[in-house]
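Welcome to this short tour. Please open the structure in your viewer and keep the selection tool at hand.

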Amino acid sequence: MQALQRPLQAVFNVLEGWLDRPFGPDWNPLYHLGALGFFYFWVVAVSGIYIYIFFDTGISEAYDSVEYMTHEQWYLAGVMRSLHRYASDGMVAMMMLHLVREFSLDRHRGSRWFTWFTGVPILWLVVICGITGYWLVWDTLAQYVATATTEWLDWLPIFGESVARNFLAPYFLDDRFFTLMVFLHIAVPLILLLVLWIHLQRVTKPEIFPARGLAIGSFAMLLGLSLFWPALSQGPADLSRVPAVVGLDWFYLIAYPVVEIWGAGPAWALAFGGSMLIAVLPWLPPLRKRSVAQVDLANCNGCTRCQEDCPFAAITMIPRSDGRPFEREAMVDPELCTSCGICAGACPTSTPFRRASAFVPGIDLTDQPLSDLRQRIHDGTANLTGDRRVLLLGCAHGIGTGKAVADNVAAVQLPCIGALPPAFIDYVLSRDLADGVFLAGCKGGECYSRFGLRWTAQRLTGQRDPHLRARVPRERLGQLQAGARSGKHLATAVRAFQAGLPQRPPEPESPRTREAETV
Amino acid sequence: MKTFFRPAGRYAGQALVYLLFAAFLGYFASAPKYTHFPPDQALIKLSLAHGAKRVGGCRRFTRAELQEMAPNMRRPLDCPRQRLPVVVEFVIDGKTRYSAAVPPTGLSGDGPSRIYQRFAVSPGKHAIVARLRDSDRSEGFDYETTAEIELAAQQSVAIDFRQEMGGFLFRW
Ligand code: HEM
Ligand code: SF4
Ligand code: SF4
């Protein structure tokens, strides 16, 4: 599977790099594909409600009412119609990119399977929305969609009678089919919204609306497109003629050429088989589950910070069970936990200043505990010399810190940069284990574990607890800038940071001896 | 967050990206055109749903058989539900374009036989012969219709079958 993910990831890496420059990480569309999908959905919903007011159900009324909107009331209903169409197409584009990107970044396996799995029915629902929508216009494209869809459906042995017979000739056409289509075109989007809601049940604070700049830009684009290139009908439907040539909407109707070329059966096999394959991707192969976060009640005071910071809704606060005088305690649902460690970075008890024997935070990953991180920091920094000693703390999903990027730099890895309690930075500098600490999160500025970078930034600037103490000299703390996405960027940034470290005033007594006593 | 361009350049860059995406959306929303049927041809659709006669006639249950049935299920006649296949032949300009014995639908074979066929023909006049057998005769047909029709390019006509209306029907 990695053979597939790697090249995709490389492509995204390049595209994201390009878009980072003009957009920056907050507005870079590729970092907010899910939110943009939602945004287009909202545009579709609002414009749809407006054009529904003017839409008439009926064999000739439908086409005429759409023509009225497009030509008579072009300035509002016509624009709304165009917005409705183009935003629908935009939604498909965002959805497909979102799917491929989540897959390429391996964000679909392990505990994240649920979000992926519930994405599959979304694919079907979105396409059904589009097909029923094109049907309603009852132009020649609609006629083609109607005959092609019903002929395709008739291949399945589910309807008692041939549905395609409804569209054989004008004689067979019946208003009741339009009523059904109108109903479906309203009901299916509502079901879609419900499934989207389910899709996000395991995502904390999901981004369902893009940042303002991105929303404004996207809307301006849709509006410009609608004015410049209005959506038009393709002539009234006439069942006594074959619409031999149609202008297909390839976002929604791409299945029809496949049906025509391969035949109905194989096309169904592809549709069902493809969906099935996508649905089981999280288990191809299954993610080897790391041990999940565990609460140590003796150290948990029920402060709720871990719950606040967990990106995957894996922590709930429950009534205290051990009789200690706190109201609540944290509880981890192992099914939801992705072992990102962000909760450990959030817990106020995660302070390395505590003695080794007692260093058990309120919540921690059992197979990569913070006590182990502290040990690895000690081991790694022990070999550094001089006054430009740098400790590079990097995330396992980031650019990678496996190789030392420069001389006199010790690299230590965490499951996520958000798993680092800020007190560790204070610890390293005040115990003089290094002269500078450099943090490297995920590449580009978008976090594999969703909130690692954001929480870290807020903790360092004091906007979020636990925050970095004021006494920590900020000039000795370096960070990978958003937009950096290769080992070369990292190496350059670390070297520049190292070179810029302020010289220490000569100290009377070696601090290393002190440290040996305390640990 | 640090970015690499000055604001004006940034917005120009964004505009360019939006422009490209708008062109992509606008273009593929209705292009390239798709030709799913040869524009210089006409179309004849043969579609019908018709149930042939049952496989056999009814027979009386024997006494012994009646004894075995639950009292509320007893009935005098045993009638097979299964239908015969519908045999259809469709000839355009003397050439047989379709000929098949179409089995009935339904789990116990008691539903109608269904046919849905499309034939592309060149525009102009065509001699059509449609034949259908729905009985247990071994030769010949129970219904036959001969007609001459004229079609223009991209014109479409459907041929339906209604027993109660005497057989094949042209639906324009
Ligand atoms: C129009 C359709 C869709 C919309 C609007 C949508 C929206 C979203 C949103 C808002 C998020 C949360 C992102 C965040 O805040 O970090 C998300 C996450 C996710 N989506 Fe979708 N989604 C759609 C379709 C799909 C499809 C079709 C799939 C795949 C089959 C999919 C797979 C995922 C996965 C795996 C995540 C989890 C990412 C994580 O755990 O970090 N989505 N989606
Ligand atoms: S490691 Fe902690 S923050 Fe991460 S998913 Fe598990 S419980 Fe949530
Ligand atoms: S952050 Fe730590 S102390 Fe606070 S609730 Fe979570 S485990 Fe308990």
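## Starting at a surface helix

Select Val280(A), which belongs to helix α11 of chain A, covering residues 264-280. Keep in mind as you look that this is a predicted model. Val280(A) has a relative accessible area of 34%, so it is classed as partly exposed.

Now add some companions: Met1(A), Leu4(A), Phe117(A), Leu277(A), Trp283(A) and Leu284(A). Together with Val280(A) they make up a nonpolar patch on the surface, and their joint accessible area is about 610 Å².

## Stepping back to chain A

Zoom out until chain A fills the view. Along its principal axes, the C-alpha atoms fit a box of roughly 100 × 50 × 40 Å. A cartoon display will show 18 helices and nine strands in chain A. The chain has 519 residues, and 55% of them count as buried.

## The iron site

Next, find ligand 1 and centre on its iron atom. Which protein residues are the donors here? They are His98(A) and His199(A), each through its NE2 atom, at 2.0 to 2.1 Å from the iron atom. In the sequence these two histidines are 101 residues apart: His98(A) sits in helix α4 (residues 74-104) and His199(A) in helix α8 (residues 175-199), both of chain A, so the pair links distant parts of the chain.

Why is the arrangement around the iron atom of ligand 1 octahedral? There are six donor atoms, and the angles they subtend run from 83 to 178°, which makes it so. For reference, ideal octahedral angles are 90 or 180 degrees.

Colour the two histidines by accessibility. His199(A) is at 12% and therefore counts as buried, while His98(A), at 23%, counts as partly exposed.

## A network of charges

Stay in chain A and select Glu102(A) and Arg107(A). They form a salt bridge whose closest N and O atoms are 3.9 Å apart. Buried or exposed: what is Glu102(A)? With a relative accessible area of 17%, Glu102(A) is buried, and Arg107(A) is buried too, with 9%.

Extend the selection to Glu16(A), Asp20(A), Arg101(A), Glu446(A) and Arg485(A). Salt bridges link these residues with Glu102(A) and Arg107(A) into a network. Over all chains, the structure holds 30 salt bridges.

## A bridge across chain A

Now pick Arg464(A) and Glu308(A), whose side chains meet in a salt bridge at 3.9 Å, N to O. Arg464(A) is in the loop between α16 (452-460) and β9 (477-479) of chain A, and Glu308(A) is in helix α12 (residues 305-309), so the pair ties together parts 156 residues apart in sequence. Arg464(A) is buried at 16% relative accessible area, whereas Glu308(A), at 39%, counts as partly exposed.

## Over to chain B

Finish by selecting chain B, which is divided into domain 1 (1-34) and domain 2 (42-55 + 83-171). How far apart do the C-alpha centres of domain 1 and domain 2 of chain B lie? The separation is 54 Å.

For a last stop, choose Lys53(B) and Asp134(B), which form a salt bridge at 3.8 Å, N to O. This pair links distant parts of the chain, 81 residues apart: Lys53(B) is in the loop between β2 (42-50) and β3 (59-60) of chain B, and Asp134(B) in the loop between β8 (124-133) and β9 (143-151). Asp134(B) is buried, with a relative accessible area of 2%, but Lys53(B) counts as partly exposed at 45%.

Key
Residues are numbered from 1 along each chain as its sequence is written. Chains are lettered from A and ligands numbered from 1 in the order in which they are written. This is a predicted model: local features need pLDDT of at least 70, side-chain atom pairs count only at pLDDT 80 or more; totals for chains, interfaces and linings use all residues. Side-chain values use heavy atoms; hydrogens and water are left out. Patches are made of residues with over 30% relative accessible area and no salt bridge: like charges are joined within 9 Å, nonpolar side chains (Val, Leu, Ile, Met, Phe, Trp, Tyr) within 5 Å. Accessible areas come from the Shrake-Rupley method with a 1.4 Å probe; for residues, only the protein chains shown count as cover. A salt bridge is a side-chain nitrogen of Lys or Arg within 4 Å of a carboxyl oxygen of Asp or Glu. Helices (H or I, at least four residues) and strands (E, at least two) are DSSP runs, numbered from the N terminus. Buried means under 20% relative accessible area, exposed over 50%, partly exposed in between (1.4 Å probe, protein chains only). Donors are N, O and S atoms within 2.8 Å of the metal (3.2 Å for Na, K and Ca); water is not among the atoms, so sites may look incomplete. Four donors count as tetrahedral if all angles lie between 85 and 135 degrees; four count as square planar and six as octahedral if opposite donors are over 155 degrees apart and all others between 65 and 115; anything else is irregular. Domain bounds come from an automatic or database domain assignment.
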